[in-house]
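Reader: I have a new model open on my screen and would like a friendly tour. Could you take me through it?

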Amino acid sequence: MPVLYDEKNKIFNVYTKNFSLVFGIFADKLPILIHCGKRIKNTYNIHKMLDYKLKGGMAFAARNKEFNNEISLETVSALYPTYGNTDVRMPAISIMHNNGTMCSNFYYKSHKITDGKENLEILPSVYCEEGDNVQTLTLTLYDEPSALTLTLSYSAFYDYDIITQNVKLENAGERVKIDRIMSAAVDLPDKDFDFVHLYGNWARERQIQRTPLFNGGMTVDSKRGSSSAHHNPFFALARKNTDEFLGEVFGFSLLYSGNFTAGVEVDSIDNTRAFIGINPFNFGWTLEKGESFIAPEGVMCYSCEGFSKMSDNFQKIARQRICRGKYRDIERPVLLNNWEATYFNFNEEKLIDIAKKAKAAGVELFVLDDGWFGKRDDDKTSLGDWFVDKAKLPNGIDGLAKKINDMGLKFGLWFEPEAISPVSELYKKHPDWCLHIKGRVQNESRNEYLLDLSRDEVCDYIIEFMSDILSSANIEYIKWDMNRNMTDIGNEVLESGRQCEIAHRYMLGLYRVLDTLNKKFPNVLFEGCSGGGGRFDLGMLQYFPQIWTSDDSDAVERLYIQHGTSMLYPTSAMGAHVSAVPNHQVQRTTPIDMRGHVAMCGQFGYELDLNKLSDEEFETVKEQIKLYKKISHITHKGTMYRLLSPFEGNYTAWEFLSEDKDEIVLMIANIIKRGGRVAATRVLLKGLDENANYTVENTGEVYGGDFLMNIGFTRKPKKDFESELLIIKKVK
Ligand code: DGJ
């Protein structure tokens, strides 16, 4: 039972296999955090920590008069710090009351412990299934002067070493404005951590960066209206000695796809306050009497076995308890997407030609990308005009889908439903439907504006046209793209004091649209995309079991991007395609083998015209598809170990160990970063049985598990871009 309550001492222990969040209620009122870290099995005498900590103090620190000056929240950690009392660090929540002041003190009112976990109604959330070892502690706190109720719910997912946090604010008093509301916040009692996060840009998403903490603040964020390629809504706090397999690490993330802030404040006595939530920048939410606000769900993960274990926990909960629907567990089709094969320049004949060859190679799904609607011969027009361009497709989408289906292929279609081109019929009809600020010049990005999804009628319109098209032809897959950041955030619908709600209302609208379409079309496979991997976050995974990882399909760049993405996202979610060479993004020429090996470690597909390959390459493609289908249950559902990092040496090595631990896929690829004498590299496997033997299927060689884990394979690069994909099986 992952929540323990010591009633006598008013101590809660919310725990998982290795992780505990222990807190107490001081003087029957104030929730105080005692411990966040390695699992504490018994909490005998832990309540004394309250007394012990209370004695410590800082010169000139303000003390809480309500508690006889015994306590200063400057040195003692509130469970969910508020602003304006004796804690003058970055709060988890700050609220502007009707009188303009910002002080709140939320005190204990009641609690309940329940099995399982509730879903959030309007936002994505982690769920549990029958039989899961999950419990939720719901703590109700109250700020009397404002009549605000704050509900904090902690759900402990025992087997995943993950605790989710939910925050809800209800107003029974006068109007207030929420200024800041974090989804997860905890204090750690020292600062001996490195801050690890994923930064990037278009075609260079989720690069790993590691920096020691310093006294002061360190944050990553997005003000771009989506989670973005620039910083991912994630950070980890890792001990100095933490590596892939050893050491303590805390991971924080968020089920949210909009503006976020994620970071730490290290105070002058070296306490580290970690937080993640909606970005308070250009955010404010007015709560009238009787209204409530629900923050996006926060996720905290703990590992005492390095980054690989943290990633495994995140990846598994994402794949098994965030992704939903028919496609969560089943093997998804190998697809071919025509984007890099044709861009906007196609007609039915050309597409059929590409599809025929794809079918002959073993591809299962043909996806028609951008350019099939309105008058879209480039990216300058027609977003919003979702009617087929008969000049390109005289038989319509239905006619094309039928021809594709007749070949034995499934058919999929690209959309960018959130965008509108200024040159479009839709814009002529509804110029006010996009985000804009009256009286200011409106900025385009990729020649487009964003529809204002904070408005119900705009969301309803998207649901309607998407439903009509999905019902009009046999479309079994949708690529849902979104190609710009939010600027000019404003509309003429909301009153001036509520304009700072728009970015969040947009996300709520988007989630409603996606939820409705998912439910209405349960057989359609929805893949997310945002100018490549610009909206790859845990929130999106509720609606898209797979997301296009990056527009950069170069095999070398993909080593970095997929390595970084795997910090918390499962390989089953990472769209990864073999594309043409020289690569369209970086002009690099890599062998078809390496392109295949790297893409096979994600959700596999092709992004080129197979007619343009040599016969030999085409034969390789056929073999790749067969191989992928043979191994995808291991690469998607097994445990991933990042054995060697492209950020560190010549070699990248990823091991995937099957759920039953009997089969291993090992992908090794090298890039010669420096010429001359290069030392040999050892690839040491993980997670094997040291008493068992293993056969390498590719060569027939047999090795002991102890050999593979302690001596391993030795590789020395002869030339750039060598790669291999070994299948290793336990000898029974
Ligand atoms: C950006 C996507 O990432 C690409 O894959 C492609 O769909 C283009 N948009 C189409 O405009």
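Author: Happily, and one term comes up right away: a polar contact is a pair of N or O atoms within 3.5 Å; within protein, one must be able to donate a hydrogen and the other to accept it, and residues adjacent in sequence count only if both atoms are side-chain atoms. This is a predicted model, where local features need pLDDT of at least 70 and side-chain atom pairs count only at pLDDT 80 or more, while totals for chains, interfaces and linings use all residues. Residues are numbered from 1 along each chain as its sequence is written, and side-chain values use heavy atoms, with hydrogens and water left out.

Reader: Which residue has a side-chain N or O atom 2.9 Å from an oxygen atom of the ligand?

Author: Two other residues also face ligand oxygen atoms. A polar backbone atom of glycine 532 is 2.8 Å from one, and a side-chain N or O atom of tryptophan 548 is 3.5 Å from one. The side chain at 2.9 Å belongs to arginine 446.

Reader: How much of the ligand's accessible area does the protein cover?

Author: Accessible areas come from the Shrake-Rupley method with a 1.4 Å probe, and for residues only the protein chains shown count as cover. On its own the ligand has 290 Å² of accessible area, and the protein's share of cover is 98%.

Reader: Which residue of β29 stands opposite tryptophan 548?

Author: Strands (E, at least two residues) and helices (H or I, at least four) are DSSP runs, numbered from the N terminus, and two strands pair if DSSP finds at least two bridges between them. β28 (546-548) and β29 (574-579) pair in the parallel sense over 2 bridges, within a closed barrel of 8 strands. Opposite tryptophan 548 stands glycine 575.

Reader: Why do β1 and β4 each have one side without a neighbour in the sheet?

Author: These strands belong to an open antiparallel sheet with the order β1-β2-β3-β4. Because β1 (3-6) and β4 (30-38) stand at the edges, each has a single partner strand.

Reader: And what does phenylalanine 12 stand opposite?

Author: Strand β2 (11-15) runs antiparallel to β3 (19-26), joined by 5 bridges. The residue opposite in β3 is phenylalanine 23.

Reader: Which side chain does a polar contact of 2.5 Å join to that of glutamate 248?

Author: Glutamate 248 sits in the loop between β14 (231-239) and β15 (249-254). Beyond four places in sequence, its contacts (heavy atoms within 4.5 Å) include Lys38, Arg239 and Ser303. The side chain at 2.5 Å is that of tyrosine 302.
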